[in-house]
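Here are a few short exercises to work through with the model open beside you. Try each one yourself before reading the solution.

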Amino acid sequence: MTLSRREFVSLAAAMGASLAWSGRAVASRSNWREARDHYPEGVASGDPDPTSVILWTRRPYDTGDRHQLTVEVAEDEAFRRVVATTQAPVSASADWTARVLVGGLKPARVYWYRFTDADGNGSRIGRTITAPLSNDPRPVKFAFVSCQDVNESKLNGYRRMIFEDERARPEDQLDFVLHLGDFIYEVVQYPEEGKPRFDRKLYEVARIPDALKASIFHLPTTVEGYRAVWKGYLADPDLQDARARWPFVCIWDNHEFSWQGWQSILKNPKFEQPGQTIKVAANQVWFENIPARVKAPSGSFDEFGSVPVKNVKIEKFGDDGLGLEANNIAAINSLIIYRALRYGRHLDLLLTDERSYRGPSPFEDETPGSLADWADYDGMFPDDLMQVLEGGRAFNGGNPPAELEFNGAKIANPRKDKPPQTILGGTQKAWFKDRLRNSSATWKIWGSSQGTLEQRADPENLPAGLTKQKWPAGRFANVQGGGYDSAWAERGEIYDLVRDAKITGFAIVSGDLHSFWAGYASAQLPPGKFEPVGLSFTGGSMSSVGGGEANEYVIKKDNKFRPLYLADRPGAPKPESTYNMMLRHGVRSCFEYAKSFDRAKARALSNPDVAPHLSFVDIGGHGYATVRLTGDEMRTEFVCIPRPITRASTPDGGPLRYRIVHTAKLWAPGERPQLAQQVLEGDPGLSI
């Protein structure tokens with residue numbers, strides 16, 4: 001569907017957007033001359049639809065409160081065919097950022113844009129692409145990324161992405177980049193205040209005014225503090241080049257607000273406190289720097305507006321997990337970012353916010369610790385008991401057990417009368433299920449900030465005598481928890497909808513885990529009924545430290561569980577990550593590989609019930625993933641790079657570790673999806 005000019009003007013008015021309307025192509029009449037130093041964060045575009053896109057820049061001024069920029073949109077990079085020109089305001093109240101909604105564009109077309117101030121100082125030239133019409137059968141291709149920590153790394157993945165896209169055939173180039181969160185890390189370490197983690201390097205990001213201090217980290221608490229961090233991130237040249245090349249579609253994860261925060265609660269390992277004012281500040285600065293089809297409290301795209309809240313402790317939570325304190329609700333609702341984008345015949349992209357509405361954690365009650373010495377099992381906790389805790393009073397169809405049991409020890413179920421965990425919250429979940437149920441696209445892609453594939457182990461197969469008590473037979477352990485991988489009730493509710501409504505082409509792309517994963521979406525795993533209803537993929541971090549890297553430094557050589565995480569091949573410069581093998585094949589494979597270094601022999605001991613949902617896992621992978629969708633196939637490619645500790649010196653972003661592609665044909669209602677893998681370059685090691 002295309003909009004008339006009148007309809008577009010109404011849409012822009014509803015969004016409070018500065019707007020431009022495409023018309024007859026003419027040569028540029030501006031006095032633009034490139035002066036990038038006047039636009040220190042570059043340019044960007046976002047959330048394209050078939051006839052419009054949002055353009056962004058930041059042009060700071062030393063004097064005055066408000067100025068005007070001229071934005072031009074052209075069909076050619078030389079701006080000989082300019083199709084839209086308008087004025088865009090920038091003001092001190094919006095930190096000199098501009099957002100412009102440009103309409104009347106042609107579907108599935110490349111456009112070029114630039115900004116110019118009154119003195120002719122021009123931004124760099126940006127490139128953007130509109131979406132195809134909803135009935136357009138052409139393939140859709142996008143990249144998905146997450147977790148870019150520039151405090152201790154560089155963004156070489158973007159350089160590789162640009163290098164490959166510039167050399168691809170036009171029909172194989174990316175249409176957009178999906179950013180799944182942790183665009184910034186609000187925790188900032190100053191280079192002079194201690195050593196970096198592991199073998200990383202510390203880079204200057206920002207000096208944060210009004211910061212809280214947590215251990216070695218400084219945390220923003222005000223708009224000015226978050227603005228300082230965002231400026232530090234947007235100064236990265238590879239990120240600037242990526243934002244200038246493609247439209248970005250963004251959601252947030254935790255670090256855009258708070259490390260372990262949820263709703264409007266500020267939380268990290270050192271403290272937890274009410275943070276309603278901080279949540280509003282974080283939302284404002286995200287809005288100022290991300291071009292997205294979201295509505296600010298002011299009702300205007302030009303500036304965020306005021307949301308007066310106080311930091312008040314949240315005492316009560318509703319059954320949908322929402323904290324019922326008025327300031328909390330106002331802070332959360334100051335910016336609603338969950339939304340859907342249609343991209344041709346083949347893609348409905350459903351984006352969810354998994355931090356603002358999630359309820360209290362079901363796993364923080366210390367009572368289950370009296371069941372056993374979990375340290376003797378390296379912190380592993382029974383998968384089945386976690387499901388009881390997570391399901392609360394809704395577990396087992398509303399009949400939760402009165403007691404929890406492990407190896408003969410029993411305690412009262414501390415969550416027997418409490419509601420089940422929610423990550424989406426009631427209102428967002430109802431929206432998501434309705435959009436999913438009514439989608440007419442070939443592929444329904446859930447853009448989830450958190451990974452959905454369970455991380456399990458089979459400690460019943462640990463070598464005899466390794467633990468004081470043998471792990472009971474037939475019970476698996478969850479080895480991570482806290483995200484969508486341990487949200488069985490809500491995840492099962494969504495998967496059951498997919499099954500019962502006979503929805504095909506359902507797939508998930510996610511971030512957060514700093515690792516690459518590929519597998520199947522199933523509500524249950526053995527000993528329950530394994531019933532895949534879709535596909536699930538997690539992309540490696542763009543640069544942030546992953547579990548595989550941390551294990552190399554944290555797990556000591558004399559740790560009796562070391563073979564579950566690392567194998568020390570004689571003469572090798574670094575250990576291999578057997579953690580991948582444990583999650584994929586189980587503990588027997590790990591101990592065998594750490595002894596023989598024979599992959600075939602180790603995989604021959606694979607436990608088929610530990611992870612039938614996984615086909616690939618690399619717990620230390622960096623880089624990005626691409627997705628190509630057609631009427632009959634989803635093709636997901638992982639592009640893994642070495643640890644990006646320093647910026648690559650070559651235009652290609654440096655070497656690759658591996659490239660692996662996962663393909664699945666569109667399945668019919670009632671059929672199971674089937675993934676096929678092919679390693680195209682390099683060696684993914686123990687990840688398969």
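**Exercise 1. Work out how much of the protein chain is buried, and how its overall size compares with the globule rule.**

Solution. Start with burial: 60% of the 688 residues in this predicted model count as buried, where buried means under 20% relative accessible area with a 1.4 Å probe, protein chains only. Next, take the surface: the accessible area is about 25400 Å², and carbon and sulfur atoms hold 49% of it (Shrake-Rupley method, 1.4 Å probe). Then count the elements: there are 14 helices and 35 strands, read as DSSP runs (H or I, at least four residues, for helices; E, at least two, for strands). The radius of gyration is 25 Å, close to the 26 Å that the globule rule gives for 688 residues, so the chain is as compact as a globular protein of that length. That radius is taken over C-alpha atoms, and the rule is 2.2 Å times the number of residues to the power 0.38.

A note on the numbers: residues are numbered from 1 along each chain as its sequence is written. The model is predicted, so local features need pLDDT of at least 70 and side-chain atom pairs 80 or more, while totals for chains, interfaces and linings use all residues; side-chain values use heavy atoms, without hydrogens or water.

**Exercise 2. Check the length of helix α5 and decide how enclosed it is.**

Solution. Helix α5 covers residues 276–289, which is 14 residues. The expected span is 1.5 Å times one less than the number of residues. For α5 this gives 20 Å, and the end C-alpha atoms are 20 Å apart, which agrees. Now look at burial: 13 of the 14 residues are buried, so α5 is largely enclosed by the rest of the structure.

**Exercise 3. Describe the surroundings of S22.**

Solution. First locate S22 in the loop between β1 (18–21) and β2 (33–34). Its relative accessibility is 12%, so S22 counts as buried. Leaving out residues up to four places away in sequence, S22 touches V83, A84, G103, G104 and L105 (contact means heavy atoms within 4.5 Å). Finally, a polar atom of the S22 side chain lies 3.4 Å from the backbone oxygen of G104.

**Exercise 4. Lay out the open sheet that contains β24.**

Solution. The sheet has 3 strands in the order β20-β25-β24, with antiparallel pairing (strands pair if DSSP finds at least two bridges between them). The edges are β20 (381–382) and β24 (456–457), each pairing on one side only. Between β24 and β25 (residues 477–478) there are 2 bridges, and R456 stands opposite N478 in β25.

Note on methods. Buried < 20%, exposed > 50% of the residue type's maximum accessible area, 1.4 Å probe, protein only. Polar contact = N/O pair within 3.5 Å; in protein donor to acceptor, adjacent residues only side chain to side chain.
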